[in-house]
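Trainee: I am new to this structure and would like a close look at a single part, the sheet and what packs on it. Could you take me through that part slowly?

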Amino acid sequence: MSVTYKRVALIGLGLIASSMFWGMKRGGLAGEVTGYARSAATRDTARKIGLCDRVCDSAVEAVEGADLVILCVPVGAMGAVASEIAGALAPGATVTDVGSVKRNVIEVVGPHLPDNVHFIPAHPLAGTEHSGPESGFAELFDNRWCLIVPVEGSDPDAVAKLRGFWEGLGSNVEEMDADHHDLVLAVTSHAPHLIAYTMVGVADDLGRVTDGEVIKYSAAGFRDFTRIAASDPTMWRDVFLSNKDATLEILGRFTEELFALQRAIRTGDGDHLFEYFTRTRAIRRGIIEAGQDTAAPNFGRATTSNE
Ligand code: NAP
């Protein structure tokens, strides 16, 4: 059974907030949804496309009377937004967020919030490389994980209600500690994004040398990197700046492994390469068996590359 909040306020109206709005409408999860974005252009677009029942001209106005407030801005903006809305929050309201990093958000948001609201951070593991109010769709969270990261003293009833809300949006929900979340996400999302950004940067440099051949003959491996590397620059700048320790830890390990593979290639150690690639292939199978991706060739795309 899905959970309903009387009034939900979305602060920030980009990909995640707009997907949540359409998902709330689909599931009948909210009585009224108010929304606010800092730029007039985004608020105008939201009004034009019917995103939110009421688009407000200030964050304070949007959160007034809301029993659920969801911060959907880049991680680096969470603290300022929390400070702006703190005085207008209704007693007993739940304040949550969707930020990709959790320890830092807890540290910058928590101190601003009054004692009479429930602060329950969360992170939906779902997204695309698109951003902005027009990029959202109701199905974004279907069968994807949402990690809820309760802080010390979180009220179990408020946590259970938020869990029900995310399940109503289609997610599978699990609770996780903030530091563990940040390490897991550094492995599964943050470091891979940095590697994709780097690979596309390297290819771009090479592309200049070979007069565009890198793009012209780009096969699936590189195209997949370009999709990831097209992700929002503000969001990802903030992710790396706010999940610094975990990302550096994983990148350190990555560099060691890369050097080991580089050495195997230099010394002609085929056994090392073969064993390594056999191990990584098994991981892909595990992801498919867990229902987190399709077994179809080339992720089920209509056209396949002839890489
Ligand atoms: P988005 O589409 O780029 O939208 C961001 C929203 O935040 C926009 O409404 C923008 O306002 C507002 N904003 C940007 N900078 C701001 C600032 N300095 N102060 C106040 N508002 C600001 O972003 P998104 O993809 O929805 O991401 C939102 C959050 O979800 C981020 O914390 C991100 O880490 C997290 N997240 C993203 C993904 C993903 O794949 N995209 C997945 C999971 C979680 P304007 O439109 O007025 O500029």
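Mentor: Before any pair of residues is named, one definition is needed: two strands count as paired if DSSP finds at least two bridges between them. The model in front of you is predicted, and in it six strands form an open sheet, with parallel pairing, in the order E3-E2-E1-E4-E5-E6. Strand E3 (54–55) and strand E6 (118–119) stand at the edges, and because each has a single partner strand, one side of each is left without a neighbour in the sheet.

Within that order, look at strand E4, residues 68–71, and strand E5, residues 94–97, which run parallel and are joined by four bridges. To follow one of these contacts by residue, start at Leu68, whose bridge partner in E5 is Thr94.

Helix H4 (residues 78–85) packs on the sheet, where it touches E1, E4 and E5, and the direction of H4 makes about 150° with that of E4. Another helix, H1 (residues 15–27), lies across strand E1 (5–11), strand E2 (30–36) and E4, and H1 runs at about 160° to E1. Taken together, E4 is a useful strand to keep in view, since E4 is joined by bridges to E5, is touched by H4, and is among the strands that H1 lies across.

Methods. Residues are numbered from 1 along each chain as its sequence is written. This is a predicted model: local features need pLDDT of at least 70, side-chain atom pairs count only at pLDDT 80 or more; totals for chains, interfaces and linings use all residues. Side-chain values use heavy atoms; hydrogens and water are left out. Helices (H or I, at least four residues) and strands (E, at least two) are DSSP runs, numbered from the N terminus. Contact means heavy atoms within 4.5 Å. Axes are lines fitted to C-alpha atoms, for helices over the stretch in contact, and angles run from 0 to 180 degrees between N-to-C directions.
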